[in-house]
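Thank you all for coming. Before I begin, please bring up the sequence and the structure side by side, and keep both in view while I talk.

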Amino acid sequence: MKLLKRFVFTLVAMMMVIGPARAESPVDGTRNAGDAAKDASVYGTITEKTPSIPQYFSWINNTNEGSTESQTLTNLEFFKWLHNEYGMNLGIYAWDAGNIDSANYYGNMQSDKFKRQFPNGWDEIGDLAKSFSCRLGLWGGPDGFGNTPEEEQARIDLLVSFCRDYGLQLFKFDAVCTQLRDEKQTSFAKAMTECRKYAPDLVVLNHRLNLGVAKPHATTFLWGGAETYIDVHMRNQTTAPHNRAGALSRGLPPGLQRLTEDHGVCISSCLDFWEDDLVLQGFNRSLILAPEIYGNPWLLRDDEFAKLSRIFNLHFRNREILVNGMELPEKYGSNAVARGDESTRFITLRNLSWSPVTYNVRLDEEIGLTDDGPVEVRRYHPSERILGMFDHGQSVAVEVPPFRSYLMMATTKPCEEVGVVGCDYEVVRDTQHKPVLIKLLGMPGAETSVSLKPGHRSFGKAFLGEEESKDLLRGEVTLKFPGEPIAMPWHKLMTKLEPVDVPSDAQQLYEATCFSAENNALEVQSLHRSGPTSIPQVQAARDAFFDQELFWRRGIWDKYLFDGNPETFFSVLHYGRDKRLDGGSLRVDMGKLEAVDRLSIDALFPSTDTNQPASMLNAEVSDDLVTWKSITLEKADRPTRTAQVADIGQNGGTCELVDANVLTWEFTLPEAMRFRYIRVPNAPERVAELEAWNADEKIAASEWHATNLFAPFSAAAPVAAWQAETEIEDNVAESSYLCVALDGKHGANKAYAALRVDGKWIGASQRAPSFPCVAWEYPGRSQASNDTHYFPITDDMRGKKIDVVVLGLAGGSAEITPHVWMTSYQAPNESISLRLE
């Protein structure tokens, strides 16, 4: 009888799975998830017209080993702080791999692995999420149904319990775990049907799976199969002033389908211009999960969390109408979209060129605005501005800055958002029961008259800076922004480089970059970019990430060379591969000249390592990058010391700990010599410590900096060069930087840019795509063409003539046309704070 019942249930499940026919995508034949999902009795309540759900998922905050209870609670406290401080709504917090299932592994809540990670289960986590109206999501594999009826039912019961007991709203099923066996397609369908009895709004993501007859149970497909980890899985294909041009160039899902997933916006690496990326994800594509972010958003600067929340809030307040989208004509540029209803339209534009572009936006049916009457137009990004009131059908000229996205709104209804007439501004906080905070923006020294548009709010007090301004509540006030006028324009082409002979100081130019750039994990570079935080919840989330054993065991931060811990190290390894260029060279910049009479290097050699350590290490030291002195470090005869190191798996899986011997090489002198720079070609793969002494006193290394992946100069051997002179004005904006763009083919890591200023050499601190790094999740991607090198403009460069030099290295290509631009991340505005109560 049991077998008969099981057969009948399976037959019914198969009939339910087959369901209504699905329409073919107009482009790639991917079936439209929305049509079948309209049958709420089987596929839930999510349809193409369901408003977007804002989501964060935890991939690359943890990797395949998974998160922990403590880390998850810390992260949720960060999002609760955003909710309480800025009113940001997060709909779903989704665990990624490693919390139940992992790569080639199916788990449960009774396993030792789960209990180690979540000793108290998920009750506290669920309650914390619920306290700010957030629900949970979970990564997993599509199978796990075992080989017996009992094993199958246990897996179904497990998945159902997540929805029933913890209010889970999302499953992300990924082929990284395994594919779904053909014979288990009906089991998958049964599981999802049962889950939706408790979570009818369940979202099921299909990441590269063959679900067969169970396909209608998946809400989405992964659009383009793309992950968005910048300079790891997604990078620029052209020169650009930042690393996210490749992400900004993404197109549109076929037919503007919303029941797909674009993998969200990665906020972990190469952070500049993250908001342009998120504006397109949230308002241009506006998929079922939007805005969607992943990684480590706590690595943003303290002043950027307001912008993150503002994008989320604008989307959330307009989520009902953002489900309706239309592609705009070609005259609006690539992949322009208008979303909204007949009276309010949100228009997203973009500019993927080096020069500003002006678009004329017609305020009528061309953008879907069919209501008659006066039209208010506002820009929400890159900064906010009330552009004015216009007649229906009138055209508005809007300028989109180079390599940026642009968000504007046109409405015939009264706008409920608080705003300011007469200047650019940023709404910092617009949260119930708290004063509204706005930054008024203007060029240094500029004067303007401003007035307030309170939207749906009413205010009794206004403060400009610390001074109360009753006039602003009654009408118009005049503002003068602080600072001295800057050189204009602040974004401009500076010069083009011409071919020259390889210069005599090629080594100094090359080494300047090798000593000033970073080979650290991209997340470490993001931390350096953003600086310290004063927000406890942000600091706690950063600590939870960087202090996790899974991070420091990988050896991906140069500070481990100088921390006195023999188990930490700076490595050249990732996924079992040596990532050094042409054998590499360990380089250390001590920051200033130091008198040194002893130098030592500790390295780790796992017992599984077949490489035999050398008896001597050859090194070179210099005080000026010009003259190099050779020294030899000899292996010290010391008792064997041991430590443990992580043996990184080939697929990003668990870090297996193995025993290692700690070996030391030393160089000693009877009399101290002075130097600043150290380079050690072909250094050991895992260097645990590098220490220097003078007269038996250890030299402080807190400001030291190291790289370990760049080729020795002897292997780089420049064979071509380009050069031009330009001048930096005294009054350029504080935030300005130079972009040395190498259009054309140069070979992967075969072209380096540097500057000469007052007889000194300045290397590029960053590059797009990023310089090689010892990565956290997967190796970064270099490319053979169109690199761009970046140089912050410092006070030492103001009012100076500088030489810009590009070196083409041996084995590369010389088919490039270098050009130099000066620009700034944001318009170089000064700000005046406005508080409304």
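Let me start with a charge and a ring: R598 lies over the face of W693, and the distance from the ring centre is 3.8 Å. Please keep in mind throughout that what you are looking at is a predicted model. A second arrangement of this kind involves K559, which lies over the face of W557 at 4.0 Å from the ring centre.

Staying with rings, I would like to turn to the pairs that aromatic rings form with one another, of which the count comes to 44. Take F562 and W704 as one example: their ring centres are 5.5 Å apart and their planes stand at 80°, and because planes over 60 degrees apart count as edge-to-face, that is what we call this pair. F562 sits in the loop between α16 and β26, while W704 sits in the loop between β35 and β36, so the pair ties together parts that are 142 residues apart in sequence. Are these two residues buried or exposed? Both F562 and W704 are buried. Elsewhere, ring pairs link a whole cluster, and among its members are Y56, F78, W81 and W298.

Now to the helices. The axes of α4, residues 69–86, and α6, residues 123–130, come within 10 Å and cross at roughly 5°, and since angles under 35 degrees count as roughly parallel, α4 and α6 are described in that way. On the α4 side the contact is made by E69, T72, L73, L76, E77 and K80, and on the α6 side by E124, I125, L128 and A129.

Finally, the strands, beginning with an open sheet of five, which follow the order β25-β37-β43-β39-β40 with antiparallel pairing. Its edge strands are β25 and β40, each of which pairs on one side only, and neighbouring strands are turned by 35° against each other on average, if direction is ignored. Within this sheet, four bridges join β39 to β40, and A754 stands opposite G763 in β40. Helix α13, residues 506–516, packs on the sheet and touches β39, β40 and β43, with its direction making about 45° with that of β40.

One more strand deserves a look, namely β45, which is joined to the antiparallel strand β19 by seven bridges, with E830 as the bridge partner of G442. Strand β21 also pairs with β45 in the antiparallel sense, over three bridges, and there L464 stands opposite L834.

Conventions
Residues numbered from 1 in each chain as written. Predicted model: local features only at pLDDT ≥ 70, side-chain atom pairs only at ≥ 80, totals over all residues. Heavy atoms only, no water. Pairing = 2+ DSSP bridges. Helix = DSSP H or I, 4+ residues; strand = E, 2+ residues; numbered from the N terminus. Phe/Tyr/Trp six-rings, centres within 6.5 Å; stacked < 30°, edge-to-face > 60°. Buried < 20%, exposed > 50% of the residue type's maximum accessible area, 1.4 Å probe, protein only. Lys NZ or Arg CZ within 6 Å of the ring centre and 35° of its normal. Axes fitted to C-alpha atoms, helices over the stretch in contact; angles between N-to-C directions. Parallel < 35°, antiparallel > 145°, perpendicular 65-115°, else oblique. Contact = heavy atoms within 4.5 Å.
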